[in-house]
Every structure is written in C-alpha cells, then in structure tokens.
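Here's a friendly walk through a protein model, for anyone meeting it for the first time. Take a look at the sequence and the structure, then read on.

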Amino acid sequence: MRVLLIGSDTSLGYALEQQLSRAGRHELESIGFAASRWRSERHAKKAVRRSRPDVVVDARLQGAVDSGEQLFDLDVERCHWLAKACQRNGAIYLMLSSARVFAGEQERPYTEQDVPDSGETIGKMLQRGEELIAQTCERHLLLRLGPVFSHRGRNVMTHMLGQLMQGGTLTLDNSLRGCPVPSQDAARVVAGVLDQLSAGASSWGAFHYASSDATHCYEFAEVLLAAASQFSEFGPQAVTLREQEAGHTLSRRLDCNRLRNTFAIKQVPWRGFVADAVKHYFDHLKSTET
C-alpha cells in the first residue's frame, strides 16, 4: 500500500517513518511539516496527486499540539484541502489528532461518542480540522492520542529534560490527568491500522489510543528525573510540586475499546518506554556535543 506521511519531522512522524521503513510492508513517501504549509489548495492537490497514495497519514496538527508549535487557521484549512484531494483520488485520510479536543471536565474516560468540548483555542482548531475531514472525505479515520513523548523533536519529554539540563527547576502540579503515549508505541498503533486497512478493513470515523496507565505532569517528571539521574546529576529540588486549589482537577483519559475491538490493538503502559527514551536522549545529546 502506498502511504503519504505528512509531518514526517514531528516526534511521532520520525517514529512512524522508522517503523514503516523497518517493516517494509508499505511504500512510503514523506513530507515535512514546513514543506506541507502550502500556500494554496492547488499545491496540496498536486502533492497528493503526484504521490498517488492509498492512504494519507496527516501528523501535522498532532505534532504541532505536542510541540507547542503555533497553529494558524490556514493549517486547519489545509485539512480541508487534503480531505478534498483524498476524496477525489480515492485515498483514505488518516488524521492524527489529540485528546485536547476534550475539556477534561468529566471523571470517566472519553469515548468516541463524546462530543469534543474544549474551550481552548488549540482544542477548537483540532475540532474544526476533524469536522472538515469528516464532512469532506468519506473514507477517513480520526485517531485521537494522548500526549506523545519521544527523545526526538519537541515534546513534553524533551522540554522537561532540556529544562533540567540547563539547571532549571520544574514546578508542576497534579491537576491534569492523562495517559501519555511513547512515540514508538503510537507508531506501532498507526502501523497496525495501516496493515489492516491494506488487508481490506473498512471502519471509518474516530478512534482513541492512549497508554493504559494514567498520570499527571508532576509524576511524569519524577519518572523522567529518576531515569535521567543515571546520566547526569540534578539538585534535590529539580522537580517540585506546585500548590493548587483543592478539588481543581481535569482528566483527558481516553477510552480505547473501539480501537481494540475493531483493529485488535491493545494498550500498553508508558513507563516501560521511559528508560530507553531517556538513554536515546542523552546519546543524542552527546553526539551533538562531539
């Protein structure tokens, strides 16, 4: 199956490119984030027509959300352009989205039947992108993920480790619960979906994937610090807990049953990936210093 990966230089894009190239089951063509910021619909249509994909995997918005890259209305409109090109050329559109489409006000995990209700600007932009795709391309999948972390690119892990390596203190709270996703695990999931699409699967719409264990920013940083302490020294107050108002908590946990029941893809814990990811981070840091 021919796959066009857009946003190949995001944290997840890197991992997915490696996963697909290593497996060798699909023909892969990649476009980086900056190169996909087409100025007109004509350029987007040309990119899709030239690569003749069976599936377009769009990692742009998810990558921007997790990296802190500023998104503009035109970035969302490009979803519409790609959706029209996919519909016209008979391609499947697989958009990688985020749990941030939800406000986090409910206690139970969010299912695909829950209406996105985020009041944040970034959440509303994701919602708009999803709506444009669903309205325009019949064969589409919206894969909402928990926050993706990796040793490469800009994401929550590299941001925290970068702050610590500069001698800074991470002052974090435990008010927002979620289920982070290692980039390798997210790549496994996307690759699994692509494999089944190539075998004739035809389930469309929204799907959720996140790791099987929930956490919050403070706990995640402590786990990172413990792993990073094997490679560098940090002060006793490197990670501290911020005082917060009692009862003020949010939760963006995702119910992943539909993905499991449709594609037989199971959740795995995020903690088992941290040690290797941190090691790769410091290996990369050393290679850039020499």
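Arg-52 sits in the loop between α2 and β3 (55–58). Its backbone does something worth a look: Arg-52 has a positive phi of about 50°, although it is not a glycine. With a relative accessible area of 56%, Arg-52 is exposed. Keep in mind that what you're looking at is a predicted model.

Ala-264 can be read alongside it. This residue also isn't a glycine, and its phi is positive at about 60°. You'll find Ala-264 in the loop between α9 (257–263) and α10 (274–289), and at 63% relative accessibility it counts as exposed.

**The chain as a whole**

Time to zoom out. The protein chain's secondary structure comes to 10 helices and 13 strands. Its radius of gyration is 19 Å, close to the 19 Å that the globule rule gives for 290 residues, so the chain is as compact as a globular protein of that length. Along its principal axes, the C-alpha trace spans about 60 × 50 × 35 Å. And how many of the residues are tucked away? Of the 290 residues, 51% count as buried.

**A positive patch**

Back to the surface, and to the helix just named beside Arg-52. A patch of positive charge gathers Arg-42, Lys-46, Arg-49, Arg-50 and Arg-88 on the surface. Which helix gives the most to this patch? That's helix α2 (residues 41–51), with four residues. Arg-88, for its part, lies in helix α4 (residues 73–89). It is exposed, with a relative accessible area of 53%.

**A helix on the inside**

Now for helix α3 (residues 60–67). Is it buried or exposed? Eight of its eight residues are buried, so α3 is largely enclosed by the rest of the structure. The buried residues of α3 include charged and polar names you might not expect to see listed, so here they are in full: Arg-60, Leu-61, Gln-62, Gly-63, Ala-64, Val-65, Asp-66 and Ser-67. After α3 comes Gly-68, whose phi is positive, near 85°.

Arg-60 has a partner, too. It forms a salt bridge with Asp-58, and the closest N and O atoms are 2.9 Å apart. Both Arg-60 and Asp-58 are buried.

**Salt bridges**

How many salt bridges are there in the model? The count comes to 18. Three of them are set out here.

| Pair | N to O distance |
|---|---|
| Arg-60 and Asp-58 | 2.9 Å |
| Arg-154 and Glu-69 | 3.4 Å |
| Asp-114 and Arg-108 | 2.8 Å |

Take Arg-154 and Glu-69, whose side chains meet in a salt bridge. Arg-154 lies in the loop between β6 (148–149) and α6 (156–165), and Glu-69 in the loop between α3 and α4, so the pair ties together parts that are 85 residues apart in sequence. Arg-154 counts as partly exposed, at 49% relative accessibility. Glu-69 is partly exposed as well, at 27%.

Then there's the bridge between the side chains of Asp-114 and Arg-108. Is Asp-114 buried or exposed? At 14% relative accessibility, Asp-114 counts as buried. Arg-108, at 42%, counts as partly exposed.

Some bridges share partners. In this way Arg-37, Glu-69, Asp-75, Arg-78 and Arg-154 are joined into one network.

**Far along the chain, together in the fold**

To finish, here are two pairs to find in the 3D view. Leu-16 has its place in helix α1 (residues 11–23), and it is buried, with a relative accessible area of 1%. Leu-16 and Ala-191 are 175 residues apart in sequence, and their C-alpha atoms are 7.4 Å apart in space.

The other pair starts from Gly-235, in the loop between α8 (217–228) and β12 (239–241). Gly-235 is partly exposed, with a relative accessible area of 43%. Its C-alpha atom is separated by 9.4 Å from that of Gly-168, and the two residues are 67 residues apart along the chain.

Definitions and conventions
Residues are numbered from 1 along each chain as its sequence is written. This is a predicted model: local features need pLDDT of at least 70, side-chain atom pairs count only at pLDDT 80 or more; totals for chains, interfaces and linings use all residues. Side-chain values use heavy atoms; hydrogens and water are left out. Patches are made of residues with over 30% relative accessible area and no salt bridge: like charges are joined within 9 Å, nonpolar side chains (Val, Leu, Ile, Met, Phe, Trp, Tyr) within 5 Å. Accessible areas come from the Shrake-Rupley method with a 1.4 Å probe; for residues, only the protein chains shown count as cover. A salt bridge is a side-chain nitrogen of Lys or Arg within 4 Å of a carboxyl oxygen of Asp or Glu. Lys and Arg count as positive and Asp and Glu as negative; His and the chain ends are not counted. The place of a charge is taken as NZ of Lys, CZ of Arg, CG of Asp or CD of Glu. Helices (H or I, at least four residues) and strands (E, at least two) are DSSP runs, numbered from the N terminus. Buried means under 20% relative accessible area, exposed over 50%, partly exposed in between (1.4 Å probe, protein chains only). The radius of gyration is taken over C-alpha atoms; the globule rule is 2.2 Å times the number of residues to the power 0.38.
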